[in-house]
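Here are my notes for your first look through this structure. Keep the 3D view open and find each spot as you read.

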Amino acid sequence: MPQEQYTHHRSTMPSSEGPQVYKVGIYGWRKRCLYFFVLLLMILILVNLAMTIWILKVMNFTIDGMGNLRITEKGLKLEGDSEFLQPLYAKEIQSRPGNALYFKSARNVTVNILNEQTKVLTQLITGPKAVEAYGKKFEVKTVSGKLLFSADNNEVVVGAERLRVLGAEGTVFPKSIETPNVRADPFKELRLESPTRSLVMEAPKGVEINAEAGNMEATCRTELRLESKDGEIKLDAAKIKLPRLPHGSYTPTGTRQKVFEICVCANGRLFLSQAGTGSTCQINTSVCL
């Protein structure tokens, strides 16, 4: 460092010695400490610059974005797998053309639809045990817009051409069901059963029960009632068997015949009476009691 010298003259006291010289500057250990701190500062600047360049290189910072994240005119474009540790707010999320979009979570994935007051209107929760949807109405439609399934507080609508139930125990309807056709799969039996209550089938234009390749059975514990208010009940078959009809007590004289006639009581009860030369129904009226 430059050195400056100046002469100080004492006007009050004469000095036998010559003029005194004082050195102005930083010398000794102070000078060495200053050089050390300057060198340390230069090293820190170089290390900081190297770390900045390394971070830019590792994170792949470019003019368009950072790493797999690109800034475009339409928004942000993210390539590869991404992990979000906090809630994500976006207007639209879509994958690249031709690629699938996956959502993965260790617990669940929740999608909330909010209104202007940040109140949840619709919520979809996919968890490890169930998929839950909350909203006023739930609809499933085809690509063309045809309704396949709809559910709200009032009703559940199935708009598909055919509804198949593959469960071994069938389907349980605690209340009524409305459908134009109930059919089993080919070579499978169809059973309509009400274990504890009654089973009612109603239709304004008629109810048709058809078994094209098998038998039809109607079983009940107490009474099986066939009623037609304005029309008739028609049994059309090559053979009609009533094996458990009660028999009358009349036996004509002579050999016992195996021919019977069907008699009808006033209350509608049917019974068998052994045929004779004339009608024997009047003789066996005790069965009607």
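1. Let's start with a hairpin. Strand S12 (residues 260–264) runs antiparallel to strand S13 (residues 270–274), and the two pair over five bridges. To see one of those pairings, click on Phe260: its bridge partner in S13 is Gln274. Between S12 and S13 there are five residues, and in that turn Gly268 has a positive phi of about 90°.

2. Before going further, a word on trust: this is a predicted model. The mean pLDDT of the protein chain is 78, with 87% of its residues at 70 or more. Which element has the lowest mean pLDDT, and which the highest? Strand S1 (residues 7–8) is at the bottom with 44, while H1 comes out on top with 91.

3. Please go easy on the beginning of the chain. Over residues 1–12 the pLDDT stays under 50. The model does have 19 contacts beyond four places in sequence for residues 1–12, but I'd read those with the low pLDDT in mind.

4. Now for a small sheet. Three strands make an open sheet, in the order S3-S4-S5, with antiparallel pairing. Strand S3 (65–66) and S5 are the edge strands, each pairing on one side only. Strand S4 (residues 69–71) and S5 are joined by three bridges in the antiparallel sense. If you want one pair to look for, Ile71 has Leu76 in S5 as its bridge partner.

5. Next, the helix from point 2. H1 covers residues 29–58, and Ile55 is found in it. Is Ile55 buried, exposed or something in between? With a relative accessible area of 41%, Ile55 is partly exposed, because that value falls between the 20% and 50% cut-offs. Ile55 also belongs to a nonpolar surface patch of about 930 Å². Other members of the patch include Leu39, Val47, Met51, Trp54 and Phe61. Try colouring the whole patch to see where it sits.

6. Move on to Arg107, in the loop between strand S5 (76–78) and strand S6 (109–114). Arg107 counts as exposed because its relative accessible area, 71%, is over 50%. Exposed or not, Arg107 has contacts: leaving aside neighbours within four places in sequence, it touches Thr126, Gly127 and Pro128. Lys129 is 22 residues away from Arg107 in sequence, and their C-alpha atoms are 9.9 Å apart in space.

7. For contrast, look at Ser150 in strand S10 (residues 147–151). Ser150 has a relative accessible area of 6%, so it is buried, the cut-off being under 20%. Not counting residues up to four places away in sequence, Ser150 touches Lys137, Phe138, Glu139, Glu155, Val156 and Val157.

8. Two of those names lead to the charged side chains. How many salt bridges does the structure hold? There are two. In one, the side chains of Glu139 and Lys137 meet at 3.2 Å, N to O. In the other, Lys141 pairs with Glu139, with the closest N and O atoms 3.6 Å apart. Shared partners join Lys137, Glu139 and Lys141 into one network. Glu139 itself is partly exposed, at 37% relative accessibility.

Technical notes: Residues are numbered from 1 along each chain as its sequence is written. This is a predicted model: local features need pLDDT of at least 70, side-chain atom pairs count only at pLDDT 80 or more; totals for chains, interfaces and linings use all residues. Side-chain values use heavy atoms; hydrogens and water are left out. Helices (H or I, at least four residues) and strands (E, at least two) are DSSP runs, numbered from the N terminus. Buried means under 20% relative accessible area, exposed over 50%, partly exposed in between (1.4 Å probe, protein chains only). Contact means heavy atoms within 4.5 Å. Patches are made of residues with over 30% relative accessible area and no salt bridge: like charges are joined within 9 Å, nonpolar side chains (Val, Leu, Ile, Met, Phe, Trp, Tyr) within 5 Å. Accessible areas come from the Shrake-Rupley method with a 1.4 Å probe; for residues, only the protein chains shown count as cover. A salt bridge is a side-chain nitrogen of Lys or Arg within 4 Å of a carboxyl oxygen of Asp or Glu. Two strands pair if DSSP finds at least two bridges between them. pLDDT is the predictor's confidence in each residue, from 0 to 100.
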